[in-house]
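Here are a few exercises to work through with the structure open beside you. Try each task before you read its solution.

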Amino acid sequence: MPGPAIAAVADFKGDGHPDLVIRNAGTRQTAIWYLNNNVLIGVAPGPTLAASWALRGVLDFSHDSYPDYVLFNPVTNETAIWYLSGLTFISSAYGPMVPSGWALVATADFNGAGNPAYILYEASTRQTAIWYPNNDGFASTAYGPTLPAGWGLVGIANFNGDGHPDYALLNSTTGQTAIWYLSGPTLIGAAYGPTVPTGWAFVATADFNGDGKPDYLLYKAATRQTAIWYLNNNVFVSAAFGPTLPAGWSLVGQ
């Protein structure tokens, strides 16, 4: 994996506020924590993941206005989509097989057509690639930028408001973050973001306060505390603590 695993964040209740998908490593149960900005307003159980499968994204693949689970099996390199209606599992389908040496690390809408894409990463070369599936079938692919040594991909969002998703990167040694501005799969610019404190992990990006600008989601595994850093493009504006997860649960992992 290119740095820490990316947390799954999506608007499950359709109110314009991102919600958190949390996971129990022992039971593989998922749960949805409904948020209003940084405040927990409700909890509901989600599907239980199958053994050896990891959650790699939550997006609406079936265009029914409900987010779906995107899964990856790092043992077999298989991908799958679990179609949900709200939080209810409806059906599933296998997606394209990831080539040997590559891993599915995230999902995002790169072509602006409302069709989620797979973001792949090859650890040996630090190369990224974008796979454009047609629902659960493979349509086309393009190479994305190669990450520098020591940096990992931790989020994908449109930071500069140009309509194109960008890469959010983290240097796990220094805690420094950076935004790589993309036009489709092409790197067109970069800027440093705020530095994450020791003991905290930068695990996802989403617009939590509804100002149209992506924010950082942070997680402190030692205390299971979450926090949101509000940004204006790459500039830190303010911060607020989010909910603390119960023992045995995490924002990242299977």
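**Exercise 1. Find the residue that joins Asp 19 in a salt bridge, then follow the network of salt bridges.**

Solution. Keep in mind that this is a predicted model.

- Step 1: Start at Asp 19, whose side chain meets that of Lys 13 in a salt bridge, with 2.4 Å from N to O.
- Step 2: Move on to Asp 15, which forms a salt bridge with Lys 13; here the closest N and O atoms are 3.2 Å apart.
- Step 3: Apply the cut-off, which asks for a side-chain nitrogen of Lys or Arg within 4 Å of a carboxyl oxygen of Asp or Glu. By this rule the count comes to two salt bridges.
- Step 4: Put the pieces together: Lys 13, Asp 15 and Asp 19 are linked in a network.

**Exercise 2. Sort Lys 13, Asp 15 and Asp 19 into buried or partly exposed.**

Solution. You need the limits here: buried means under 20% relative accessible area, exposed means over 50%, and partly exposed lies in between.

- Step 1: Asp 19 has a relative accessible area of 0%, so this residue is buried.
- Step 2: Asp 15 has 34% relative accessibility and therefore counts as partly exposed.
- Step 3: Lys 13, at 31%, is partly exposed too.

**Exercise 3. Work out which strands stand at the edges of the open sheet that contains β5, β6, β7 and β8.**

Solution.

- Step 1: Write down the order of the four strands, β5-β6-β7-β8, with antiparallel pairing.
- Step 2: Look for strands with a single partner: these are β5 (54–59) and β8 (88–94), so one side of each is left without a neighbour in the sheet.
- Step 3: Add the geometry: neighbouring strands of this sheet are turned by 25 degrees against each other on average, direction ignored.
- Step 4: Zoom in on β5 and β6 (residues 68–73), which are joined by five bridges. Within β6, Tyr 69 is the bridge partner of Val 58.

**Exercise 4. Describe the surroundings of Thr 226.**

Solution.

- Step 1: Place Thr 226 in strand β19, which covers residues 225–232.
- Step 2: Check the accessibility: Thr 226 has a value of 1%, so this residue counts as buried.
- Step 3: Trace the side chain of Thr 226 to the backbone oxygen of Pro 243, reached at 2.6 Å.
- Step 4: List the neighbours beyond four places in sequence; among them are Trp 200, Leu 217, Tyr 219, Phe 241 and Leu 251.

How values were computed
Residues are numbered from 1 along each chain as its sequence is written. This is a predicted model: local features need pLDDT of at least 70, side-chain atom pairs count only at pLDDT 80 or more; totals for chains, interfaces and linings use all residues. Side-chain values use heavy atoms; hydrogens and water are left out. Helices (H or I, at least four residues) and strands (E, at least two) are DSSP runs, numbered from the N terminus. Buried means under 20% relative accessible area, exposed over 50%, partly exposed in between (1.4 Å probe, protein chains only). A polar contact is a pair of N or O atoms within 3.5 Å; within protein, one must be able to donate a hydrogen and the other to accept it, and residues adjacent in sequence count only if both atoms are side-chain atoms. Contact means heavy atoms within 4.5 Å. Two strands pair if DSSP finds at least two bridges between them. Axes are lines fitted to C-alpha atoms, for helices over the stretch in contact, and angles run from 0 to 180 degrees between N-to-C directions.
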